[in-house]
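Reader: I'm new to protein structures, and I'd like to go through this one with you. Please start with what you mean when you say that two residues touch.

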Amino acid sequence: MIRVRVILIAVVGLLAAGNQASAQWMDTRQTMGFGPQFFGGASPIPRETVYYPGSYAPGTIVVDTAERRLYLVQGGGQALRYGIGVGRDGFRWGGVHHVSAKKEWPEWTPPREMLARRPDLPRHMVGGIENPLGARALYLGSTLYRIHGSNEPETIGQAVSSGCFRMTNDDVVDLYNRVAVGALVIVKN
């Protein structure tokens with residue numbers, strides 16, 4: 001009982017002192033698992049609205065692999081621009097597809113080709129924060145590729161994947177909420 005009082009007095013004292021570190025420690029979002037770092041940290045390439053002229057319909061996703069950016073066309077000459085991770089050498093591709101499915105906290109089963117290269121990978125992973133597909137995934141037609149989250153924000157802006165497009169979990173959740181199944185996806189290589 002005395003120990004609890006001492007801890008309570010210490011916590012109240014820290015809060016009263018206005019110490020920023022203690023305020024972060026007491027962030028109830030973090031306690032409940034939904035704090036600022038829940039989705040794996042901020043993107044090294046901030047999401048922003050940019051001028052984007054062209055004839056693409058609003059809702060179209062344009063992936064520019066050379067630039068390592070994904071654009072969600074908004075209309076009126078504007079787009080939301082996100083930083084992405086792209087396929088490493090030998091794994092980049094281009095084409096036109098549609099979003100064929102959307103999944104929250106998707107499960108992951110590495111394809112045979114990936115398992116042949118990396119036999120150390122698990123054969124299947126349930127969805128969750130440790131899953132390499134992250135918080136959301138948008139599936140691209142009948143391909144093996146997806147636009148998905150990542151728990152490795154430091155890979156955004158890099159060529160590190162086996163052909164999928166990685167985003168921070170915060171960015172993929174934002175995109176997921178804005179895009180419908182059937183949306184056109186144009187991948188420029």
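Author: Touching, or being in contact, means having heavy atoms within 4.5 Å. This is a predicted model, where local features need pLDDT of at least 70 and side-chain atom pairs count only at pLDDT 80 or more, while totals for chains, interfaces and linings use all residues. Residues are numbered from 1 along each chain as its sequence is written, and side-chain values use heavy atoms, leaving out hydrogens and water.

Reader: Okay, let's try that on one residue. Which residues does Ala-79 touch, not counting those up to four places away in sequence?

Author: Ala-79 sits in strand E4; strands (E, at least two residues) and helices (H or I, at least four) are DSSP runs numbered from the N terminus. Its C-alpha atom is 5.7 Å from that of Tyr-52, although the two are 27 residues apart along the chain. Apart from residues up to four places away, Ala-79 touches Glu-48, Thr-49, Val-50, Tyr-52, Tyr-71, Leu-72, Val-73 and Gln-74.

Reader: Is Ala-79 buried or exposed?

Author: Here's the scale: buried means under 20% relative accessible area, exposed means over 50%, and partly exposed is in between (1.4 Å probe, protein chains only). With a relative accessibility of 0%, Ala-79 counts as buried.

Reader: Zooming out, how many helices and strands does the protein chain have?

Author: Of the 189 residues in the protein chain, 39% are buried. Looking at contacts between residues at least 6 apart in sequence, 61% of them join residues at least 24 apart. As for helices and strands, the chain has five helices and 11 strands.

Reader: In what order do the strands of the open sheet sit, and which are the edge strands?

Author: Nine strands make up this open sheet, with mixed pairing and the order E1-E4-E3-E2-E11-E6-E7-E8-E10. Each edge strand pairs on one side only, and these are strand E1 (48-51) and strand E10 (165-168).

Reader: How do E1 and E4 pair, and which residue in E4 is the bridge partner of Glu-48?

Author: Two strands pair if DSSP finds at least two bridges between them. E1 and strand E4 (residues 78-83) have four bridges, in the antiparallel sense. The bridge partner of Glu-48 in E4 is Arg-81.

Reader: Which helix packs on the sheet, and what angle does it make with E10?

Author: That's helix H5 (residues 169-178), which touches strands including E2, E3, E4 and E10. Angles run from 0 to 180 degrees between N-to-C directions, using lines fitted to C-alpha atoms, for helices over the stretch in contact. Between the directions of H5 and E10 the angle is about 105°.

Reader: Which element gives the most residues to the largest nonpolar core?

Author: A nonpolar core is a set of buried Ala, Val, Leu, Ile, Met, Phe, Trp, Tyr and Cys residues joined through side-chain atoms within 4.5 Å. The largest one has 22 residues, and Ile-61, Leu-70, Ile-147, Phe-165 and Leu-175 have the most contacts inside it. At least two of its residues come from each of E2, E3, E4, E7, E10, H5 and strand E11 (184-188). With three residues, the top contributor is H5.

Reader: How many residues of H5 are buried?

Author: Among the buried ones are Val-172, Val-173, Leu-175 and Tyr-176, and also Asn-169 and Asp-171. H5 is mostly covered, and the count of buried residues is seven of its 10.

Reader: Why is E8 largely enclosed by the rest of the structure?

Author: E8 pairs with E7 in the antiparallel sense over three bridges and with E10 in the parallel sense over four. His-148 stands opposite Ala-137 and also opposite Arg-166 in E10. E8 is largely enclosed because the number of its residues that are buried is five of the five.

Reader: One last spot: which backbone nitrogens does the side chain of Ser-161 reach?

Author: Ser-161 lies in strand E9 (residues 159-161) and is buried, at 3% relative accessible area. Leaving aside neighbours within four places in sequence, its contacts are Val-86, Gly-87, Arg-88, Phe-91 and Arg-166. At 3.3 Å its side chain reaches the backbone nitrogen of Gly-87, and at 3.0 Å that of Gly-163.

Methods: Polar contact = N/O pair within 3.5 Å; in protein donor to acceptor, adjacent residues only side chain to side chain.
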